[in-house]
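Student: I have a structure to go through today. May I ask you some short questions about it?

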Amino acid sequence: MIELKNVSKTFETANGKVEAVKNVELTVDAGEIFGIVGFSGAGKSTLVRMLNGLETPTSGEVIINDVRIDTLKGKDLREQRKKIGIIFQHFNLLWSRTVLENIEFPLELIGMPKAERETKAKHLAELVGLGERINAYPSQLSGGQKQRVGIARALANDPDILISDEATSALDPQTTDEVLDLLDEINQKLDLTIVIITHEMHVIRRLADRVAVMENGRVIEQGPVSEVFTHP
Ligand code: ADP
Ligand code: ADP
């Protein structure tokens, strides 16, 4: 469960202060798919970066599974980060490594022995439907397949939460639907909480249980998708 309590983030820049996030109150329940939607510059990325400690709020509290994470440092913060997997718009894959090696990478970082991490990575490759492509390189994959690698890699450390940061924004509509179906399946299979950041309303409509709409750093509306997005 994620709780944001009156969270604000102000950046000091050469041109003065930028209030990227203002007084955000938000709760994401364990196991739900929660959407955060808003135009470019609304504050979505800053909000997400505060969830894994890449940014510290100027004020307010960020609480994940009853642990206040905005005050964590060093080893405690690194441990906390393992509980959050992130997938990105541009996949962020290692181009000189195979599918299997990309999925293994986070496990290599924590020092898991080769045989053990290979077994785990193979299992994850199968989970995302890439069991037959483990020896391929990213350049040999379609956009949808690349994102499947990204999803498998994000799941390597058995996170409680998966954050999708515009993960389908570079994909065509059909591939987007396939990736969203996979996220839906994983949400149910692994009982994973998923936070979807996007500027695309249809992504939220298709997948999310609840949504927060951000504008100029503020959450201007939040609630069940069916209530927030009234159909014409
Ligand atoms: P979104 O992800 O919704 O596009 P961002 O969180 O990236 O929005 O940005 C919100 C606002 O904060 C924008 O005005 C952006 O320029 C500003 N901003 C984000 N990060 C920084 C930073 N590190 N320094 C200064 N301003 C920033
Ligand atoms: P996104 O909207 O996906 O965050 P951006 O290109 O806006 O992509 O931001 C990329 C990175 O630059 C992020 O880490 C963001 O925090 C930072 N950033 C965004 N706007 C500014 C800014 N005005 N000054 C400094 N850093 C910024």
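Student: Which residue in E4 is the bridge partner of Ile2?

Tutor: The partner of Ile2 in E4 is Ile64. Please keep in mind that this is a predicted model.

Student: And how do E1 and E4 pair, parallel or antiparallel?

Tutor: E1 and E4, the latter covering residues 59-64, pair in the antiparallel sense, with five bridges.

Student: What stands opposite Ile64 in E5?

Tutor: In E5, Val67 stands opposite Ile64. Strand E5 comprises residues 67-68 and runs antiparallel to E4, to which two bridges join it.

Student: How many residues lie between E4 and E5 in the hairpin?

Tutor: There are two residues between E4 and E5 in that hairpin. Asn65, which is in the turn, has a positive phi of about 45°.

Student: Let us change topic. Which residues are around ligand 1?

Tutor: The residues around ligand 1 include Phe11, Thr13, Val18, Ala20 and Phe39, and also the run Ser40, Gly41, Ala42, Gly43, Lys44, Ser45 and Thr46. By class, this shell has five nonpolar, six polar and one charged residues.

Student: Which polar atoms come close to oxygen atoms of the ligand?

Tutor: Three contacts can be named here. An N or O atom in the side chain of Ser45 is 2.6 Å from an oxygen atom of ligand 1. For Lys44, a polar side-chain atom lies 2.9 Å from an oxygen atom of the ligand. Gly43 takes part through its backbone, where a polar atom is 3.0 Å from an oxygen atom of ligand 1.

Student: How much of the ligand's accessible area does the protein cover?

Tutor: The protein covers 61% of the 560 Å² of accessible area that ligand 1 has on its own.

Student: Which elements give two or more residues to that shell?

Tutor: They are strand E1 (2-13), strand E2 (16-28) and helix H1 (44-51). H1 gives the largest share, which is three residues.

Student: Now the cavities. How many are there of 30 Å³ or more?

Tutor: The count is two cavities of that size. The largest cavity holds about 40 Å³ of space, and the second largest has a volume of about 30 Å³.

Student: What lines the second largest one?

Tutor: Its lining consists of Ile2, Leu4, Leu26, Val28, Ile36, Leu47, Leu51 and Val195. By class, these divide into eight nonpolar, no polar and no charged residues. E1, E2 and H1 each supply at least two residues of this lining.

Student: And what about the classes in the lining of the largest cavity?

Tutor: The lining of the largest cavity has six nonpolar, three polar and one charged residues. Among its residues are Ser164, Glu166, Leu180 and Ile196. Helix H6 (173-190) and strand E8 (193-198) are the elements that give two or more residues to this lining, and E8 has the largest share with three residues.

Student: One last topic: what is the volume of the largest pocket?

Tutor: The volume of the largest pocket is about 640 Å³. It is lined by 21 residues, and those nearest its centre are Arg81, Ile84, Pro106, Leu109 and Asn157.

Student: Where does the largest share of its lining come from?

Tutor: H2 provides the largest share of the lining of the largest pocket, namely five residues. By class, this lining has ten nonpolar, five polar and six charged residues.

Note on methods
Residues are numbered from 1 along each chain as its sequence is written. Chains are lettered from A and ligands numbered from 1 in the order in which they are written. This is a predicted model: local features need pLDDT of at least 70, side-chain atom pairs count only at pLDDT 80 or more; totals for chains, interfaces and linings use all residues. Side-chain values use heavy atoms; hydrogens and water are left out. A residue is near a molecule or strand if one of its heavy atoms lies within 4 Å of it. A polar contact is a pair of N or O atoms within 3.5 Å; within protein, one must be able to donate a hydrogen and the other to accept it, and residues adjacent in sequence count only if both atoms are side-chain atoms. Accessible areas come from the Shrake-Rupley method with a 1.4 Å probe; for residues, only the protein chains shown count as cover. Helices (H or I, at least four residues) and strands (E, at least two) are DSSP runs, numbered from the N terminus. Ala, Val, Leu, Ile, Met, Phe, Trp, Tyr, Cys and Pro count as nonpolar, Asp, Glu, Lys and Arg as charged, and the others, Gly among them, as polar. On a 1 Å grid over the protein atoms alone, a cavity is a set of points where a 1.4 Å probe fits but cannot get out, and a pocket is an open set with protein on both sides within 12 Å along at least five of seven lines; lining residues have an atom within 4 Å of a point. Grid points are joined across faces, edges and corners, and a volume is the space filled by probe spheres set on the points. Two strands pair if DSSP finds at least two bridges between them.
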